[in-house]
Every structure is written in C-alpha cells, then in structure tokens.
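I set out to record how the helices and strands of one chain are put together. My entries follow, in the order in which I looked things up.

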Amino acid sequence: MIRDLIESDRNQTIELVNQFFRKVNELELDGLFRIRPRAATKFTDIYFKLIGTGKVYMRGYFVEEELVSLVIGRIEEKPHLEEERSLFIDLAVTKLGKKKKGYMTELLQDVDLWCLEKNIPAIELRAILKNEEAINFWNKSSFEPFYIRYRKRLVN
C-alpha cells in the first residue's frame, strides 16, 4: 500500500534513508563527497517539517506496517522556464531484500499522478554515475538522461 509518510514512520524512514546514504559512502568517488554521520536523521526531519507546505512528495510503499520503499522529493520553482516548476526527487530507495518486487515502480506511478494533480509538467532526479544499480534502474524506467552535472575537486 502506498501512503504519505507520517511522523510515526520517522524511524523506518531514517533507517531507509540511512541505507541509501551508507550505499553512497561505500562508492569510490572523489574522496571529498561523503555523507556525514546523522545526515539521515537531519534529512528526514527537514522533510517532515516541510510536509504541510504542499511542496514535498514524501510517500512510501508499505507491506503491512513495514516501509519497504520510499520516494522523497520537492517542488522546484522555475520562473525562468516555460515549465515553471518541476518535482526534483532527492531520494528514491527500496529496502535491501525487497528489491525487484515492483514497489518502486508503483511509487513512481504515484509520483506521476501526484505531479499531474498539481500541474507539474516534469520530474527530475540525479544519480551518481558510480551507483550502477541506480543507473541501471533509471535507464530501464520511463526517465531519460537529460543533462550531465560536472564536478571539480579543488582541495586535496
């Protein structure tokens, strides 16, 4: 069942966000990009505070009471573009041992409906190139590569 995440889901949300952050920190990146300890708690709490604004998508797929997959995103205002606004997905993750069961696909269909209801014409996200599992998933989805983000490390 897909539903909005609520305060009582906080611990399960933090656990799933933390799973994603640990995965990112395991990747061999540039040596500078590392997610800080307790970032999952801070990230989750910021989004829970924004829920009432109507500017965030924060829903999960639950099997009984267990949160198995979630998508967290925010509306970006773009007055300089004809599209005017989009939903930027900050995080999309499925619990280890629960992947390849269609949970994320159903959540993404829900994201589409949510955006259509709000007249949001586009959805964006970014994926770390070294996260091959994510790249493979997004390449098989209805999302298309759109632009490349470059990064330059300035300190040793």
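**Helix 3 and the sheet**

I began with helix 3 (residues 103-117), which lies across strand 1, strand 2, strand 3, strand 4 and strand 5 and runs at about 145 degrees to strand 2. I note here that the model is a predicted one.

I then looked up the sheet itself. It is open, has five strands in the order 1-2-3-4-5, and its pairing is mixed. Strand 1 (2-4) and strand 5 (123-125) are the edge strands, each pairing on one side only. From one strand to the next, the twist averages 30 degrees.

**Pairing, strand by strand**

I reminded myself that strands of a sheet pair through backbone hydrogen bonds, either parallel or antiparallel.

Which sense of pairing do strand 2 and strand 3 show? I found that strand 2 (residues 56-63) and strand 3 (residues 66-78) are antiparallel, with eight bridges. As one example, I traced Y61 to its bridge partner in strand 3, S69.

How many bridges join strand 3 to strand 4? I noted ten bridges, and these two strands also run antiparallel. K78 has E84 in strand 4 as its bridge partner. Strand 3 and strand 4 form a hairpin, and five residues lie between them.

Strand 4 and strand 5 pair in the parallel sense over three bridges. Here I looked up I89, whose bridge partner in strand 5 is L125. I returned to helix 3 at this point: strand 4, helix 3 and strand 5 make a β-α-β unit that is right-handed.

**Helix 2 and helix 1**

I next asked which strands helix 2 (residues 39-50) touches. Helix 2 packs on the sheet and touches strand 2, strand 3 and strand 4 (84-94). The direction of helix 2 makes about 110 degrees with that of strand 2.

Helix 1 (residues 10-26) packs with helix 2 at an angle of about 130 degrees, and their axes are 8 Å apart. Helix 1 is therefore oblique to helix 2. The crossing of helix 1 past helix 2 is right-handed. For the residues that meet, I listed R10, T13, I14, V17, N18 and F21 from helix 1, and A39, A40, T41, F43, T44, D45 and F48 from helix 2.

**The annotated span**

Last, I consulted the record. An unreviewed UniProt entry carries the annotation "domain: N-acetyltransferase" for residues 1-155. In the model, the end C-alpha atoms of residues 1-155 lie 46 Å apart, and the span is 34% helix and 25% strand.

Definitions and conventions: Residues are numbered from 1 along each chain as its sequence is written. This is a predicted model: local features need pLDDT of at least 70, side-chain atom pairs count only at pLDDT 80 or more; totals for chains, interfaces and linings use all residues. Side-chain values use heavy atoms; hydrogens and water are left out. UniProt positions are given in the numbering used here, feature names are shortened, and annotations may be inferred rather than shown by experiment. Helices (H or I, at least four residues) and strands (E, at least two) are DSSP runs, numbered from the N terminus. Two strands pair if DSSP finds at least two bridges between them. Axes are lines fitted to C-alpha atoms, for helices over the stretch in contact, and angles run from 0 to 180 degrees between N-to-C directions. Contact means heavy atoms within 4.5 Å. A crossover is right-handed if, with the strands pointing away from the viewer, the path from the first strand over the helix to the second runs clockwise. Angles under 35 degrees count as roughly parallel, over 145 as roughly antiparallel, 65 to 115 as roughly perpendicular and the rest as oblique. A crossing is left-handed if the near helix is turned anticlockwise from the far one by less than a right angle, and right-handed if clockwise.
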